[in-house]
Amino acid sequence: MEEPPWKKLKLSLERPYKDDNGELLPELLDITPDGQHIYRPREDPTTAIGTKLRRIFIERGIDFFERQKGSDTIPGPQKQNAPAQDEGAADGEERAEASHTMTPEELYKMRMTLLPQLYIAYGEMTQARDLLTLLLSASLPSQQTSLPAAPLAATVVDKPPPILSVRAFDAQLTIGGKDKALRAAADLFKDAAEKIEESRVAGEKYWLDALKIRRGNWGLIPAPLPLGSATGKGADKTSKDFLISFGLEESPPVFRRRAIGRMAAMVGGAAQNSLEFPLRQRTRLRISLTRTSPEGTRQTSHSLLIAPDNSSLDGALRAAQGEVVEQEIFSALIKEASSLPTASAEVSERLIVIDAAQSTELRFELVDGENLPRQSGDSIGPFCDLIYSALHVLLLRSHSVSKIQRLSRSSISRTSAVQPARQTPPLLRPIIDVLQYREFWERVRDEIDRVVSALRLVGVPARVHYDPVADSGEALVKSLQVEDTDPVGGEALLRINERYTLRFTTSSPSTLTAHLPQATLSIASISQLTQLLVDEISSQLLHQICDIGTERCERVSGTWFVDLLSGRSVGRWEGCVL
């Protein structure tokens, strides 16, 4: 079976002596403190051989080679008997041992073995000599001694230094270990310095943001003490931090607790927003209005939802405050939806559907604020935005009434009689009244337009002027701010034949009043309005016919009048009746 290729691969265990370019690798001897490498100098082969030969003559004598030749040519003596042979063999071994020359390696090994012992012996002998000299000087004080100034000084006996290559390798290990330790220590100090700098920058940013929030007139309240803090008598109960309160003053406690934020203690400089809202639900109030045309088509419009601006502190606080206010509005709408007198409602956790008018459906929905639905220009209705803004105004009105009641209860100069508690102004009913008024006005306008079109079709000049909301914008907003909201009202003026005028006034939700020359009538239904228009227009047309007849029959002394019972114009002249 043939072996795989990787088993045939052979690796040389010999130490490499040449690099990839074929040049000899230098042998490192030492590394200086400034990082300079010291390599072993290259030796000339001729010089090396000469040095080795010189050592042979110096260590083994000048006649080394002659003695080697003489030992090879002189034969050994022959012995006669076995004992003599044994003695000769022993003498031959001794002569061989005597004539054996040590190699440089054996000599170096012996030197390394003997030198430490000799150094120890030298140290002991020197110490003994010094001690003996000291004793002799004590017995013979007059005798001069040659002892050193410190006879009992310690003598340090050191081992011989290691080989240069070993010393260089040890230096490399030491320097490598020190370099690694220094780099680790430097990294540690660098990380600590960076953390200290980040902590300093975060602290400065923390108080700078706090000053910005205070300058923006946002409420700052003391933060509760940390868990485990001492709360007994004499303990320091001073708060060490603060919280941001952005809820409305007269909101229920559950919404005031949601409207609390705090500033993160450690936030990097690159973070855009350092505020945290623990109880933020991130929901937005969306208002939808669906209208059904007489043909059966449904048209739905929504209020405009703008993405919050979290890039600044003020923008983030305003976005969080808007969400809490919208949740409070939705909670108040749920309470009022079940007791509407003129509309039916369906209520769920996040959805309220109200049949506000005959063909109008109103929806209040809490949607996810992080994933806002896409909105096109056709689906955005200004009337929904108007309802959204009106709800905020009505909520502030309700809070104003609650504040007045709270202050009146806590007033020092209170009367003895207990004042009855006033009911909180509603939020939903004014909106339903406006929607019903809008639907009612459109029906009235359609009926008047139908009559005007019929008059113009028969050649009777007719003009009409509509003013659905007679009050100005300032007056309308002011009416929403007071406790007793005035109904929204308007008027319609019908001018027939440039002579006769019919005036109608309306008020929310569905009140219509006709102002006639002879009386003021309240109209309860569209059929009654139609009948009134027919009667008044017919009466005016008959009077116009009488005026024309009187003008034409003036020479014959004709008389024209209107018969109210029969609804006719009657003309008489010279025994003729028309």
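**A five-stranded sheet, its helices and a cavity**

Colleague: In this predicted model, what is the strand order of the open sheet of five strands?

Modeller: The model is a predicted one, and its open sheet is built from five strands with antiparallel pairing. Read across the sheet, the order is E8-E7-E11-E10-E9.

Colleague: Which strands stand at the edges, and why is one side of each left without a neighbour in the sheet?

Modeller: Each edge strand has a single partner strand, so one side of it is left without a neighbour in the sheet. Across the sheet as a whole, neighbouring strands are turned against each other by 20 degrees on average, direction ignored. The two edge strands are E8 (298–302) and E9 (344–347).

Colleague: Over how many bridges do E7 and E11 pair?

Modeller: In general, the strands of a sheet pair through backbone hydrogen bonds, in a parallel or an antiparallel manner. Strand E7 covers residues 283–292 and strand E11 covers residues 360–368, and their pairing is antiparallel. Within this pairing, Thr283 has Asp368 in E11 as its bridge partner, while Leu285 is partnered in E11 by Leu366. The number of bridges between E7 and E11 is nine.

Colleague: How many residues lie between E10 and E11 in their hairpin?

Modeller: E10 and E11 run antiparallel and are joined by six bridges, with Val353 standing opposite Arg363 in E11. These strands form a hairpin, and the number of residues between them is two.

Colleague: Which helix lies across E7, E9, E10 and E11, and which helix touches E7, E8 and E11?

Modeller: The helix across E7, E9, strand E10 (351–357) and E11 spans residues 313–337 and runs at about 50 degrees to E7. The helix that touches E7, E8 and E11 spans residues 382–409, packs on the sheet, and has a direction that makes about 135 degrees with that of E7. The former is H8, and the latter is H9.

Colleague: What is the volume of the largest cavity?

Modeller: Rolling a probe the size of a water molecule over the atoms shows where empty space is left. The structure holds two cavities of 30 Å³ or more, and the volume of the largest cavity is about 70 Å³.

Colleague: Which element gives the most to the lining of the largest cavity?

Modeller: The residues lining the largest cavity include Phe246, Arg258, Leu279, Ala320, Glu323, Val324 and Gln327. By class, this lining has four nonpolar, two polar and four charged residues. The element that gives the most, with four residues, is H8.

Note on methods. Residues numbered from 1 in each chain as written. Predicted model: local features only at pLDDT ≥ 70, side-chain atom pairs only at ≥ 80, totals over all residues. Heavy atoms only, no water. Pairing = 2+ DSSP bridges. Axes fitted to C-alpha atoms, helices over the stretch in contact; angles between N-to-C directions. Contact = heavy atoms within 4.5 Å. 1 Å grid on protein atoms, 1.4 Å probe; cavity = no way out; pocket = protein on both sides within 12 Å on 5 of 7 lines; lining within 4 Å. Points joined across faces, edges and corners; volume = space filled by probe spheres on them. Nonpolar A, V, L, I, M, F, W, Y, C, P; charged D, E, K, R; others polar.
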